[in-house]
Amino acid sequence: MSEASLHDVLGRRSSLFSISRPEISATSQIDASDAPDHEDGMKRPITPLENTYQLEPEVKFSESAVSAIIREVLEGQLEEETYDERATRQMAKTLSTIITNRVKALGYERYKIVTVVALGEIADQGVNVASRCLFDKDKDNFASGNYQNSSMYAVASVYACYLE
């Protein structure tokens, strides 16, 4: 259908979705050897652990121990720091990584550890940091802590979800 006849039929000019637009054709650069079932000597890595069907954790997540780690890391890392908006993103990532590694060192096996750190400038304002989770009250838990110096504040939360 030509653009003129399309305009007559629809009473408008062609649009992005009109039939008269040329179609774009493309060719694929993938061949049969890229198929997942192709055997060229590469095999899927063997899973080192089988299912244990362990429904309860051997060591339960300790809120007090993790809160102490959070306070220690925030105080130790931010005591001499001043707020810099350009460095805050990397600082939050670094703090999160440090806290996560210290918590994992406590030996909480089969727990998924998620750490969230919020940093901000103290400038005569109020800030509320809140979170909401769907947890199993018997196995999952969280811990949080905060720190404040003359120019910045930090709030860190660690969530531990048990993987059955």
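## Glycine 107 and the loop before E1

Let's start in the loop between H3 and E1, where glycine 107 is found. Keep in mind that this is a predicted model. How exposed is glycine 107? Its relative accessibility is 33%, so it counts as partly exposed. Along the chain, glycine 107 and valine 59 are 48 residues apart. In space, their C-alpha atoms are separated by 7.7 Å.

Arginine 110 is found in that loop between H3 and E1 too. Its relative accessible area is 28%, so arginine 110 is partly exposed. Now look at its backbone: phi of arginine 110 is near 65 degrees, which is a positive value in a residue other than glycine. Here is some background for that: most residues other than glycine have a negative phi.

## Another positive phi

Where else can you look for a positive phi in a residue that is not a glycine? Try aspartate 124, with a phi of about 55 degrees. Aspartate 124 sits in the loop between E1 and E2. Is it buried or exposed? With a relative accessible area of 84%, aspartate 124 is exposed, because the cut-off for that label is over 50%.

## The whole chain

Let's zoom out. The protein has three helices and three strands. Follow the chain from the N terminus and the order of elements is α-α-α-β-β-β.

The protein has 164 residues, and 26% of them count as buried. Its accessible surface is about 12800 Å², and carbon and sulfur atoms hold 50% of that. Now take the contacts with a separation of 6 or more: 73% of them are between residues 24 or more positions apart.

## Two helices side by side

When two helices pack, they are described by the angle between their axes and the distance between those axes. What are the values for H2 and H3? Helix H2 covers residues 63–78 and helix H3 covers residues 88–104. They pack at an angle of about 140 degrees, and their axes are 10 Å apart. The crossing of these helices, H2 and H3, is right-handed.

Which residues make this contact? From H2 come Val66, Ile69, Ile70, Glu72, Val73, Leu74, Gln77 and Leu78. From H3 come Met91, Leu95, Ile98, Ile99, Arg102 and Val103. Sorted by class, the contact of H2 with H3 has eleven nonpolar, one polar and two charged residues.

H3 also holds serine 96. At 16% relative accessibility, serine 96 counts as buried, because the cut-off is under 20%. Leaving aside neighbours within four places in sequence, serine 96 is in contact with Thr115 and Val117.

## The nonpolar core

Next, the inside of the protein. The largest nonpolar core has 25 residues. Which of them touch the most other members? The answer is Phe61, Leu78 and Leu119. The elements giving two or more residues to this core are H2, H3, strand E1 (111–121), strand E2 (141–148) and strand E3 (152–162).

Let's look at phenylalanine 61. Not counting neighbours within four places in sequence, phenylalanine 61 is in contact with Val66, Val103, Tyr108, Tyr111, Ile113, Asn141, Phe142, Ala143, Val158 and Ala160.

## Tyrosine 147 and alanine 154

Tyrosine 147 lies in strand E2. Its relative accessible area is 16%, so tyrosine 147 is buried. Which residues does it touch, apart from those up to four places away in sequence? They are Leu74, Glu75, Leu78, Glu79, Met152, Tyr153 and Ala154. How far is tyrosine 147 from leucine 119? Their separation is 28 residues in sequence, and 9.5 Å in space from C-alpha to C-alpha.

Alanine 154 belongs to strand E3. Its relative accessible area is 0%, so alanine 154 is buried. Alanine 154 and alanine 118 are 36 residues apart in sequence, with 5.6 Å from C-alpha to C-alpha. That same alanine 118 is on the contact list of alanine 154, together with Leu74, Leu78, Leu119, Gly145, Asn146 and Tyr147, once residues up to four places away in sequence are left out. Leu74 and Leu78 come up again here: they are touched by tyrosine 147, and they take part in the contact that H2 makes with H3.

Note on methods
Residues numbered from 1 in each chain as written. Predicted model: local features only at pLDDT ≥ 70, side-chain atom pairs only at ≥ 80, totals over all residues. Heavy atoms only, no water. Axes fitted to C-alpha atoms, helices over the stretch in contact; angles between N-to-C directions. Helix = DSSP H or I, 4+ residues; strand = E, 2+ residues; numbered from the N terminus. Left-handed = near helix turned anticlockwise from the far one by under 90°. Contact = heavy atoms within 4.5 Å. Nonpolar A, V, L, I, M, F, W, Y, C, P; charged D, E, K, R; others polar. Core = buried A, V, L, I, M, F, W, Y, C linked by side-chain atoms within 4.5 Å. Buried < 20%, exposed > 50% of the residue type's maximum accessible area, 1.4 Å probe, protein only. Areas by Shrake-Rupley, 256 points an atom, 1.4 Å probe, with all protein chains shown as cover.
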